[in-house]
Amino acid sequence: MQKIRTYDATATAAAFPLGGIGTGNVSLGARGELRDWEIMNRPNKGNILPNTFFALRMQAEGGEPITRVLEGPVQPPHIRSHGYHPSTGIGLPRFANSTLRGEYPLAWLDLEDADLPVRVQLEAYTPLVPLNAEDSGIPCAILTYRVTNVSEKPLAVTLVGSLANTIGLNQPDAFGNLTNGEGMRVNHYRDENGLRGLMLGIEGMDAGDLKYGNLSLVTTHERTTVKPAWLRAGWWDYVREFWDDLHADGLLNDLGYEPANKNWDSGSLGLLDTIPAGETRTFRFILTWYFPNRVNSWDAKADKTVRNHYATQFADSWEIARYTIEEFERLDKVTHDFHDALFSMTLPPAIIDAVASNIVPVRSNTCFWLEDGRFFGWEGCFDDMGCCAGSCTHVWSYAYTAAYLFPALEREMRRIEFTVETEPDGYMYFRTFQTFGEDFKWTFGDQKAEAAVDGQMGSILRAYREYQLSGDKTWLAQMWPGIKRAIDYASVQWDRDHDHVLD
């Protein structure tokens with residue numbers, strides 16, 4: 001199997017997206033940090049959740065405890081006017097070296113430090129099941145840490161995941177403080193039939209609100225310790241209390257707060273084990289999210305809302321976690337089998353890397369999948385919004401991933417194009433606005449957009465491809481009137497001399 005390039009902590013632009021079709025993403029950075037939290041139905045590059053990281057506490061019998069954030073060193077330039085906000089945890093000690101390797105859909109992060117008695121590898125992925133869009137559209141990230149004891153003594157270890165509940169709050173102010181928003185943040189610890197962990201949600205917000213949702217961080221690890229809410233205090237106090245609490249004995253203290261809080265809360269879930277000298281232990285977390293509501297339009301300011309497709313399958317993030325655990329063996333095997341088949345090919349590594357990397361847009365905020373089955377794609381994404389609306393036919397004509405991995409979604413795009421966006425004379429809107437009851441107009445004028453010859457003919461070719469791949473005559477019969485009209489339009493508009501070659 002050929003190896004793909006790797007990135008150390010200095011690769012500050014490198015990030016590996018985790019998330020399913022129509023779910024949004026959180027990305028794994030080259031240091032091992034979770035970054036770019038884009039799980040609330042829009043791009044949001046640079047969005048960092050406060051107090052959200054993984055840490056390891058280790059102690060040999062008779063020795064002093066050592067505690068480290070499971071990340072590589074923070075990189076310069078350190079140029080912020082007010083320094084780093086305490087909620088970033090930047091002042092906490094980390095590993096000396098990190099190395100990220102991404103072979104989509106799998107990523108590995110290796111952490112090493114000559115002064116520590118352990119080596120750590122994180123494997124991160126979201127299940128990818130070819131031909132099964134639903135199981136490839138689970139809003140989750142599976143995070144498996146493998147800790148190897150390289151010392152000569154057994155080590156008692158606690159591996160802790162911390163996650164902030166900022167649901168419903170406004171964006172940070174100039175100092176990095178989150179400002180009050182709607183509702184009350186609620187952190188609950190749950191232990192149900194071997195599935196245990198934290199569920200972070202909100203009370204006092206309508207379930208149809210665009211900001212409504214919840215997060216879960218769960219495990220099936222037998223020995224756990226939990227802090228449902230960190231110290232509710234200002235500035236650095238909450239970070240210091242959490243770190244001292246973990247470092248002291250490897251157990252987390254429940255501070256006994258009422259679950260609901262007007263401000264933001266952080267919670268922590270710790271997994272405990274003893275690792276004999278020279279051996280490795282596995283610590284698995286599953287992060288799930290549920291933000292069901294999005295704008296039913298290309299316009300982020302529209303007042304129409306709709307649910308995501310995954311909201312028709314699951315009631316909340318805990319139910320998503322339950323399903324992922326119940327189906328874990330199958331989801332894990334198929335994802336790894338797909339990876340192994342792709343990366344064991346004899347093609348040059350650069351080609352394999354390109355093929356694998358171009359799967360990503362289908363499972364990013366570039367695409368969205370609605371409750372009624374409609375599937376759409378932007379041309380791409382800005383840092384904070386979609387770029388160029390409308391499943392643009394003369395851009396998406398060049399895409400292959402969905403057609404071969406998730407063909408039902410590709411057939412749905414053709415259905416929209418030929419049954420909704422193609423007019424009686426065969427003119428096809430090359431940006432799909434009709435399906436939202438809207439009209440596409442150029443920003444520089446009110447005139448109706450011209451037809452796009454490459455996009456319209458490309459859609460005809462893609463319809464032929466979708467039928468070849470599926471053999472679905474019922475689907476083809478539904479498309480056929482629109483296909484014929486689109487061809488007729490081409491013969492009138494773009495073949496004026498009738499020689500059957502486009503002018």
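Where does Ser-391 lie? In this predicted model, Ser-391 sits in the loop that runs between strand 24 (386-387) and helix 5 (393-396). The backbone there does something worth a look: phi of Ser-391 comes out near 45°, a positive value in a residue other than glycine. As for its surroundings, Ser-391 has a relative accessible area of 3%, and because buried means under 20%, Ser-391 counts as buried.

Asn-41 tells a similar kind of story. Its phi is near 70°, again a positive value in a residue that is not glycine. Asn-41 turns up in the loop between strand 4 (34-38) and strand 5 (53-60). With a relative accessibility of 12%, Asn-41 falls under the 20% cut-off, so this residue is buried as well.

Now for the peptide bonds. Pro-76 and Pro-77 are joined by a cis peptide bond, and omega is about 5°. To find this spot in the structure, look to the loop between strand 6 (66-69) and strand 7 (97-103), which is where Pro-77 is placed.

Another cis peptide bond runs from Tyr-104 to Pro-105, with omega near 15°. Pro-105 belongs to the loop between strand 7 and strand 8 (106-112). Strand 7 thus serves as a handy landmark for both prolines: the loop holding Pro-77 lies between strand 6 and strand 7, while the loop holding Pro-105 lies between strand 7 and strand 8.

Note on methods
Residues numbered from 1 in each chain as written. Predicted model: local features only at pLDDT ≥ 70, side-chain atom pairs only at ≥ 80, totals over all residues. Heavy atoms only, no water. Helix = DSSP H or I, 4+ residues; strand = E, 2+ residues; numbered from the N terminus. Buried < 20%, exposed > 50% of the residue type's maximum accessible area, 1.4 Å probe, protein only.
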